[in-house]
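Please consider the structure shown below. The paragraphs that follow lead through its strands, a helix, its salt bridges and its surface.

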Amino acid sequence: MMKDEQQIKSQGQDVCPGKKSQLKLEDVRAEIEKTSGPQYWRSLEELAGTPEFQEMLHREFPKGASEWLDSVSRRGFLRLMGASMALAGMTGCTKLPLEPIVPYVRQPEEVVPGRPMFYATAMTLSGYASPLLVESHLGRPTKVEGNPEHPASLGGTDVFAQASLLDLYDPDRSQTVTHLGDIRSWDRFVDGIRGPLTAQKALSGAGIRILTPTISSPTLAAQIKSLLSAYPQAKWHVYEPINRDNVIAGSQMAFGQPVETQYRLEGANVILSLDADFLYGGFPGATRYIRDYANRRNPDANINRLYVVESTPSATGVKAEHRLPLRASEIEGFAHALAGMVGVNAGGATLEGEQQKFLAGVAKDLQGNRGASVVMAGDHQSAAVHALAHAINAALGNVGKTVVYTDTVDANPVNQTESLRELVSDMHGGKVDLLLILSGNPAYDAPVDIGFADALEKTNVGMRVHVGLHNTETAALCHWHINEAHYLEAWGDTRAYDGSVCIVQPLIQPLYAGRSALEVVAFLGGQANANGYELVRGYWQKQHTAGDFDSFWRKSVHDGFVAGTAFAPKNVAMKGGNVPATNVEPGDIEINFRRDPSIYDGRFANNGWLQELPKPLTKLTWDNAALIGPAMADRLKLKTEDMVELDVRGRKVQSPIWIQAGHPDKSITVFLGYGRTRSGRAGSEVGFDMYRARTTTGLWFTNGVQIRKLGDTYKLASTQGYQTMETPTGERPLVQAATLEKYRDEPKFAKEGEPPTALTLYQPYDYKKEAYAWGMAIDMNRCTGCNNCIVACQAENNIAVVGKEQVVKGRHMHWLRVDVYYEGDRANPSAHFQPVPCMQCENAPCEVVCPVGATVHSTEGLNDMVYNRCIGTRYCSNNCPYKVRRFNFLLFQDWETPQYKMMRNPDVSIRSRGVMEKCTYCIQRINEHRIDAERADTLVKDGTLQTACQQSCPAEAIIFGNINDPNSKVSKLKSLDRNYSLLGELNTRPRTTYLAEIRNPNPEAEG
Amino acid sequence: MQIFHRSTNTLSRATIFGAVFVIAALFWAMAQIQRSPYVTYAGVAKPQPVPFSHQHHVTGLGIDCRYCHTSVETSSFAGIPPTKTCMNCHSQIWTNAALLEPVRESYRSDKSLQWTRVNQLPDFVYFNHSIHINKGVGCNTCHGPVDKMPLMYQFASLQMEWCLECHRAPEKFIRPREQVFNMRYEQPTSNKVVTVGDAKFEDQIALGRALIKKYNVRPPMDITTCSTCHR
Amino acid sequence: MTVIHSHLHPHPTYGLMAEFDSAQDLIEAANRTREAGYRKIDAYSPFPIEGMAEAIGFHKNGVPLVVLIGGIVGGLAGYLLQYWVATMAYPVNIGGKPFHSWPAFIVVTFEMTILFAGLSAVFGMLALNGLPMPYHPVFNVPRFALASKDRFFLIVFASDPKYDAAVTRQFLEGFHPRSLSEVPS
Amino acid sequence: MAERDDALGRSAPVIEPGHTFATVTDKISSIVLTRPTSRGWFLGFGVAFALTMMMLFAISYLVVKGTGIWGINIPIGWGFAIVNFVWWIGIGHAGTLISAILLLLRQSWRNSINRFAEAMTLFAVAAAGIFPLIHTGRPWLAYWMFPYPNTMGYWPQFRSPLIWDVFAVSTYFTISLVFWFIGLVPDLATLRDRSENRFAKIIYGMLALGWRGSARHWHRYETAYLLLGGLATPLVLSVHTVVSFDFAIAIVPGWHTTIFPPYFVAGAIYSGFAMVMMLAIPIRKVYNLEDFITDRHLQNSAKVMLATGWIVAYGYGMEAFMGWYSGSSSDQFLLWNRLHGPYAPWYFALLICNIGIPQLLAFRKMRTSPLGLFLISLVVLVGMWLERFIIVVVSLHRDFLTSSWGMYYPTKWDWMTYIGTIGMFLAAIFLFVRILPMISIFEMRTLLPEAEVKE
């Protein structure tokens, strides 16, 4: 290990993650250019695919070194390099090589080498901002946290924000301006576009088209508007594959105008979700909603109740007290019926059996909680469902209480599908001369029947310009590609779900001199070499007329958002009249298209952290599969991993099958975003492209699907093979759960089987004498399985990505995993999420068996893992009943790529091949806080020291602290009746304990 | 018949018993090499772009450590002065000394000086200057007589056993906080009294014990816990 | 019966050596030689013969004592090492077990005992036997090569006070050995 | 004493009548000294050597690439490496057992098989020793398992069974080695005096340490030999006990079992004798040593196997019973998983190999038929390997948390290493029979009638 760490120093010291050396950005750039210029890696990626290359590998290296067949073959190559270096390290590995140390020339005032700094900024996903605080070590952003000041975050984040750090350092990001694939300078582009622009001036821009994703940035919107005013005839089109057309249409239908719907879940005793996965990242406001939902999950206070009617099992669905699986098309019927029962929109049909009972239960419950309930509809449900939801909320008197309407966050709320269609027809009509595609990847993700890619390829649009982070499928079909600056590299602004404006502040100079969309638009608008900072500042200077602008600006930048910009609630009148039923063509099997829980619409395909992030229910990594219910699988004799061909009204796609308990019958769910062809080392040729079957008529779901078994199978990499606590010899009480009633008669039910703490022959070690005894409590009632903790942990602790082959072998490296356990009927099971970090057992079984004392107990009760002492016998892992230890079976860390060196947390060792690793309770944070406290002669204040998982958790389900302090939050939680130790009967005395899950079912809705 | 000569008797025994000593000697030699300056760099002056003399700046000019190593009290990293710090003075004095050309060059071209790290720990060791300063560990306790070093060299072996010497018995080393940066500080003896507040001390152990209480230095068991230094 | 005069070395003789065909003859000859008052005698045989040692008047045998000492040293070394490491050298909390967890130290102590005892048995035996000794006067007698096959030899050392070249030779001839040779030193 | 009746009252000699000191000496030493090296020997050695090279290749690649080339993962952190280690160590038990325990029990029939049984032990332990070393993630740091004064001021962790292993196995190897060598010394002297070739004379001469068969030497020699026997006996029993601690000390269901020590030792002897038979039978045929390795030896060994086989069977019974009786859900599941889980076929195969087929040894016919014995021994060796596979892999692959259950599939690197060690073992045996007396000549002499003396 030691040797490997020297490797990293001896090459490219300036960017080494060693805590001491300093950053020189230009050197980094130089190095990046020389090591991985776009040409270099692209050709290598292409090469890696070819059979010749594979064949060569097998000639050069023995077959069966299957890492070679990884989708990430280049990393495999680097691993072998590193391994051989490690081997060289065998000899005299204790002598350190000379290490240079490079001070600043002029050190910035605020910089204290060795101490990180935090800056507020925000990430935008489909127009909705996640307000963030980003940690920076000597100018290198190293960790993304939520902005606790901002109501949309309150300190929480979602997986996409957490993982965006890796996007910044993605070595496959587009690194230069290109023209027809050749490297060009920005100036060449300037020359190139001058002609067309002047030409358009004459036509007042009749041939100019701008295609953007959903934009909520006031400054950018203003820039585009001014561009449009400079070219009055030019047109602005908007398209996102994960768009909210139905939401807009729904509010049009209900109110005659587009509005944004916000929910105030803290006030909701009863929540009904009509196919809305509002407890998982990607749903606007999810981070805040999770917090509000979790705050109402205290069984000792007023616990809320969640009903979910859904067409695809989701994290939200399995948290529900009552869940009703319905095919997507049937949900509208359910909504109609419900509406009828709460007295709006008469004429809703009634349902049978189960469904009717469920419906009746919900209806009664909702009416019993007028003004204290919420009915929400999923983005992919029909406009009618949204309209009905509005109507029902109105009828229940929720509007203004738990449901609030405001202006739309989207600056240009048009029907995006139509907008794109219009653009394509213009292209075919030869009306388009200059097409500017501002990020987004429509050539890959547009509905097939629109045929955007064809249009781009075949029609003669004089000049096609693509601005984007990656050199994508779309870029390949454009003349010019401009490498966009990542949000952590550029100035900008954006809006959170509540409309409040967040200032996007760069943490680092653009690694590849990229330009932000804002800057490009401004340039086209005639402001040569406009820079983002002035644009944003300038815009707000105009807005902020009253008072001292500088202090206002400084405050806004510092806080990360502009105070008082949240939208005011808006009074909108229901149009009244019945909501017409959407007519569905008859057809047997339905298919749902869903955003992927990990890689969203495909834009994160090259993000290794997200690719390897187990999806909340299937625990699948590196792939998408077609989900079907058990009944359907039995009928069609399909097994998980069987390949099938899905024929969606003539459009054929292939996919492996995953049998998902709780999936509605006669319905298939597929996930978008996979099967990218020009994504990068992690994302290219991974999974199956479902956009090929997605049409404007069936944007979210459609029926009439033919499913055909292909006969062959496809290996899927799931990190949890066995997903229930049931074993042939009885159920294991791993997750303690009960209904509210049971909990009330038997509060200590979870503790059964735990041995008395005095049960030992030995004199137990006395931790009470210490100032600190660290412990953690995880409230499974709050946890919604949002996966944040996993990515946060990965980012904080420099955890390696291992690739699909290794995950299949059972070697993924996550220090913290979220187990899911299904219970009950496979057709409609309930499920529990259980985050499992290291338990930090006081009687740690792993320690006793380590021959070299590489894992030992600290005086504060931590189970220390000393990587540099570990010789890798794996005995500790065998003896760990929780199997939380992870082993570097091969050289999983990438020691080569300079970008990764910049990204890593300098306070955490980079583990090398052959050593065990595991959760440390973020020992680096503990030490930092303890030392600061000691310098001030005080103790660490409760709550100031947070582990990475805890800090990122939007639900505040993970609480860490000093259990020697009876007043600490964690001590209080551990003193609750619900608190229990996992496998307590083994007397390992875990420091991590769980609060049992309590559900609050409605007897009348019991199926 | 005889196969071997008389001498082989002595020879054979000599080899058998000799082997024992040879092996022992080998182990001893390896242990010595491990601890030798060749491996540890202790006492070895490493090549530097500018022959900076701590002796001159500290003893000669009486500049305090913290003037250059600014973050030593607040951060894990003591801080290597930016070129600017050098130029504060050297823009006035020795303005055209050839020796200082690299410094001026760096300042002009805005390219950093590339020093060679003198006190270097492996990357899996996380040392924090601020806490050691705060607990009364003097600069020269670890860095040696820097004020007498024309060329800077690493004073101690910086091997784990060396760290443990102090972590196991801090009382043998620590001094009053106000003396931390005093290069001339000597441990108390019967004829050299050290005063802390109004208490006078004539031997280090007594002083050490008192300071441990005063600065509440954590007990050896705590600071020899692995995660104190390894993460 | 033949008499062989060895002319290999002009040196003073090391002893007189008689060769016998069977263990029985050897042991009887040895007994009678001892009874005749000879003390510095030895017998060579291709395998251990019961009662041979007594026959040549050899009783004390230091090996067991050496082994006992070796065993005790080993055991102590083993336990004390572990005790010192666990409680003095670098005490660490291992899975909440006490520093001095003696039950866990038994195995190594045991193995060390066996190791030291075993090695001292071997090297003790060799040392006491004065081995290795590739050169030895008896090898000067060509027929002695058969001592490792099927012949048995009795030697009276010249250093024996009662030794007299002629008398002793006569005495030994009394046993009608297959051969009788003077062993030059 | 040569004619001792065996347990069944039938008398079979341990050495055929009509032999003298001379014939015994010549017959055995000639194999090494005069007999020409056969083509068969070269062929066999060649193959074994090739396999050894394959092992070395597999190990080199392992060191370059990492243990990831094996099938191991989380939760199955130990696979073939540990299975093979325990298997080989087990085999390594017969030698010392025969030489030491049977020596103490004055079982004179041991004299003709102890020599190569001990050699076999050494080579088996050597083969075993490879695995604990290479199974570590960073083998070049494995020396940290030995206590030596280091710059870290940090020491091995003596509570770990792996450290116990280090001490037990290295002690066992050392003691077996000296025991074997000391036994060889008088015979080396014989070879020294017999061989015509000057070079051989010198080599054997050096190794013989100048042994001259003095009565004094013989006296101390026998004392030392007996004491070594006395020390080796508890040692040999301790070694597999300690190995079984690797599992018994852990909390993994299927490992945490008090019956492991006795049943591991029994299993070890079981497989050990099986290996002795597998070697003895062909060797005595090829070098026509039927006079010295007689049916008596085959029978007695067969009986030992039968007996230890029953102990092992009892062990399995107890495991199953405890699994059910403990009432602990994880133990009950373990039993279920062995009988119905994905590895069930191997569990049944193990029962057939270790309990079923060996019962044939109850028939005298089987015990006296070399071919039959050979095949049964083979079956037992396979069975004992499977036993360790079941214990290591099947216990690990489904333990406490259902969420972290997994499967283990050995890769070809696992197989290459395993088969390679067998090659190495055989290569060593080939060399041994070629250059050293495979039967203790001087101890054979003591078995002859003419060796007896009356006072």
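Two strands are taken to pair if DSSP finds at least two bridges between them. Helices (H or I, at least four residues) and strands (E, at least two) are DSSP runs, numbered from the N terminus. The model is a predicted one, in which local features need pLDDT of at least 70 and side-chain atom pairs count only at pLDDT 80 or more, whereas totals for chains, interfaces and linings use all residues. Residues are numbered from 1 along each chain as its sequence is written, chains are lettered from A and ligands numbered from 1 in the order in which they are written, and side-chain values use heavy atoms, with hydrogens and water left out.

Strand β41 of chain A (residues 992-995) is a convenient starting point. Strand β40 (residues 979-980) of chain A is joined to β41(A) by two bridges, and the two run antiparallel; here Asn979(A) has Leu995(A) as its bridge partner. With strand β32 (residues 774-779) of chain A, β41(A) pairs in the parallel sense over four bridges, and Ala777(A) is matched with Thr993(A). Thr992(A) and Tyr994(A) point one way from β41(A), while Thr993(A) and Leu995(A) point the other way, and all are buried. Buried means under 20% relative accessible area, exposed means over 50%, and partly exposed lies in between (1.4 Å probe, protein chains only).

Chain A also holds an open sheet of seven strands with mixed pairing, in the order β26-β20-β25-β22-β24-β23-β27. Strands β26 (701-702) and β27 (705-713) of chain A stand at its edges; each has a single partner strand, so one side of each lacks a neighbour in the sheet. The partner relation at one edge can be followed in detail: β20 (residues 590-594) of chain A and β26(A) run antiparallel and are joined by two bridges, with Phe701(A) as the bridge partner of Asn592(A).

Salt bridges come next. The term denotes a side-chain nitrogen of Lys or Arg within 4 Å of a carboxyl oxygen of Asp or Glu, and a search of the whole structure finds 76 of them over all chains. One joins the side chains of Lys615(A) and Asp596(A), at 3.1 Å from N to O. Lys615(A) lies in the loop between α22 (608-611) and β21 (620-621) of chain A and Asp596(A) in the loop between β20 and α22 of chain A, so the pair ties together parts that are 19 residues apart in sequence. Lys615(A) is buried at a relative accessible area of 4%, and Asp596(A) is buried at 0%.

In chain D, Glu319(D) forms a salt bridge with Arg338(D), the closest N and O atoms being 3.1 Å apart. Glu319(D) belongs to helix α10 (residues 295-325) of chain D and Arg338(D) to helix α11 of chain D; both residues are buried. Arg338(D) is one of the buried residues of α11(D), alongside Ser330(D), Phe333(D), Leu334(D) and Asn337(D). Seen down the axis of α11(D), the buried residues fall within an arc of 140°, so they line one face of the helix. That arc is taken from the directions from the helix axis to the C-beta atoms.

Chain C contributes a network of salt bridges that links Glu19(C), Asp21(C), Arg143(C), Asp150(C), Arg151(C) and Arg178(C).
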